[in-house]
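Below is a short note for a colleague who has not looked at this structure before. Please read the numbered points with the model open beside them.

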Amino acid sequence: MSALSPVLAPVAAVGRSGIGLLALVGRLTMFLGATLAHMLRPPFYWREFLFQLMQIGYFSLPVVALTTLFTGGALALQIYDGSARFNAEAVVPQIVAIGMVRELGPVLTGLMVAGRVSAAIAAEIGTMKVTEQIDALTTLSTHPMKYLTVPRVLAATLALPVLAAVGNIIGILGGYLVAVLRLEFNAAAYLRNTVDFLEASDVVSGLVKAAVFGCIVAVMGCYHGMRSARGAQGVGRATTNAVVSASILILAANFILTGIFFSE
């Protein structure tokens with residue numbers, strides 16, 4: 001056995017990683033299930049929900065708007081340069097619109113909100129755990145998940161589609177400004193091509209994606225905040241893990257949802 005141990009060591013490491021991943025998936029599933037269960041049972045803390053709706057939704061508008069504006073402009077430039085090789089410059093409005101509404105709008109909104117909100121949630125809840133405020137909630141007969149997790153998850157799930165819709169409009173506006181002011185497109189023809197090409201399924205798929213991304217952002221922030229280790233280092237690690245895991249899950253969920261909506 002001792003002679004085989006160097007050979008089996010890498011296999012054992014892979015096995016431990018696989019078991020750890022499965023355990024993490026199980027814990028996240030149980031956490032999400034508990035959140036949904038508490039969401040369906042009273043009481044519901046409306047004041048905390050409205051506060052989180054403002055924090056997650058309204059105060060995320062500037063970063064989402066700037067990100068999508070510049071992305072829409074850059075997308076128009078890239079598509080124009082690529083399509084010019086095939087004398088197909090006229091497709092710029094259509095591709096900018098479908099690219100923003102289906103993919104870039106929801107994904108960029110999710111990633112920007114993950115960097116801003118998921119980190120803030122994890123840091124806030126992690127600090128509450130370190131300072132024993134969560135224990136105080138339990139002492140006051142207030143379930144921590146019902147007071148801390150449910151309002152944040154519900155607020156993020158409802159706010160992200162609105163943010164994505166605003167981001168889609170601003171991103172298309174960015175492509176429009178670049179196309180009209182720099183690439184010399186006709187303004188009326190650009191808008192007409194954009195409106196005529198988009199379908200309801202394109203808009204709905206993007207909004208559904210954004211709702212899923214919002215749930216991911218809030219769940220990751222709450223989960224890592226609740227499991228934060230004691231001390232400043234533990235809170236910092238929880239914040240980092242929340243942002244990284246939320247970003248990875250957003251990209252993975254985007255791939256899965258794209259396959260579901262546009263598999264034909």
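1. Second largest pocket, lining. The model is a predicted one. The second largest pocket has a lining made up of Val-101, Ala-165, Asn-168, Ile-169, Ile-172, Leu-173, Tyr-176, Leu-191, Leu-198, Val-203 and Leu-207. Two elements, helix H6 (144-181) and H8, give two or more residues each to this lining. H6 provides the largest share, with six residues.

2. Second largest pocket, volume and character. The space in the second largest pocket comes to about 160 Å³. Sorted by class, its lining holds 10 nonpolar residues, one polar residue and no charged ones. Asn counts as polar because it is in neither the nonpolar nor the charged group, and Asn-168 is among the lining residues.

3. Largest pocket. How much space lies in the largest pocket? The value is about 200 Å³. Its lining consists of Val-25, Leu-28, Thr-29, Leu-32, Val-212, Cys-215, Ile-216, Val-219, Met-220 and Leu-249. Helix H1 (5-39) and helix H8 (200-226) each contribute at least two of these residues, and the largest share, five residues, is from H8. By class there are nine nonpolar residues, one polar residue and no charged residue in this lining. On how such spaces are found: rolling a probe the size of a water molecule over the atoms shows where empty space is left.

4. Overall fold. Which elements make up the chain? There are nine helices and zero strands, so the order from the N terminus reads α-α-α-α-α-α-α-α-α under the DSSP assignment. Along the principal axes, the C-alpha atoms fill a box of roughly 65 × 60 × 35 Å. The chain has 264 residues, of which 41% are buried. Among contacts in the chain with a separation of 6 or more, 85% are between residues 24 or more positions apart.

5. Aromatic pairs. The count of aromatic pairs is 10. One of them joins Phe-44 and Phe-49, whose ring centres are 5.7 Å apart with 55° between the planes, a tilted arrangement. Phe-44 is partly exposed, at 25% relative accessibility, whereas Phe-49 is buried, at 6%. Another pair, Phe-185 with Tyr-190, is edge-to-face, with 6.0 Å from centre to centre and 90° between the planes. Phe-185 counts as buried because its relative accessibility is 18%, and the cut-off for buried is under 20%. Tyr-190 is buried as well, with a relative accessible area of 1%.

6. Aromatic cluster. Phe-185 and Tyr-190 also belong to one aromatic cluster, together with Tyr-80 and Tyr-176. Tyr-176 appears again in the lining of the second largest pocket.

7. Charge over a ring. Which ring lies under the charged end of Arg-102? The ring is that of Phe-262, and the charged end of Arg-102 is 3.9 Å from its centre.

8. Cis peptide bond. Pro-42 and Pro-43 are joined by a cis peptide bond, with omega at about 0°. Pro-43 lies in the loop between H1 and helix H2 (46-56). For context on this point and the next, most residues other than glycine have a negative phi, and most peptide bonds are trans.

9. Positive phi values. Glu-132 has a phi near 65°, which is positive in a residue other than glycine. Glu-132 sits in the loop between helix H4 (92-130) and helix H5 (133-139). Glu-184 likewise has a positive phi, about 65°, and is not a glycine. Its loop is the one between H6 and helix H7 (187-197).

10. Accessibility of these two residues. Is Glu-184 buried or exposed? Glu-184 is exposed, because its relative accessibility is 72% and the class begins at over 50%. Glu-132 has a relative accessible area of 49%, so it counts as partly exposed.

Key
Residues are numbered from 1 along each chain as its sequence is written. This is a predicted model: local features need pLDDT of at least 70, side-chain atom pairs count only at pLDDT 80 or more; totals for chains, interfaces and linings use all residues. Side-chain values use heavy atoms; hydrogens and water are left out. Rings of Phe, Tyr and Trp (its six-membered ring) pair if their centres lie within 6.5 Å; planes under 30 degrees apart count as stacked, over 60 as edge-to-face and the rest as tilted. Buried means under 20% relative accessible area, exposed over 50%, partly exposed in between (1.4 Å probe, protein chains only). A charge sits over a ring if NZ of Lys or CZ of Arg is within 6 Å of the ring centre and within 35 degrees of the ring normal. On a 1 Å grid over the protein atoms alone, a cavity is a set of points where a 1.4 Å probe fits but cannot get out, and a pocket is an open set with protein on both sides within 12 Å along at least five of seven lines; lining residues have an atom within 4 Å of a point. Grid points are joined across faces, edges and corners, and a volume is the space filled by probe spheres set on the points. Helices (H or I, at least four residues) and strands (E, at least two) are DSSP runs, numbered from the N terminus. Contact means heavy atoms within 4.5 Å.
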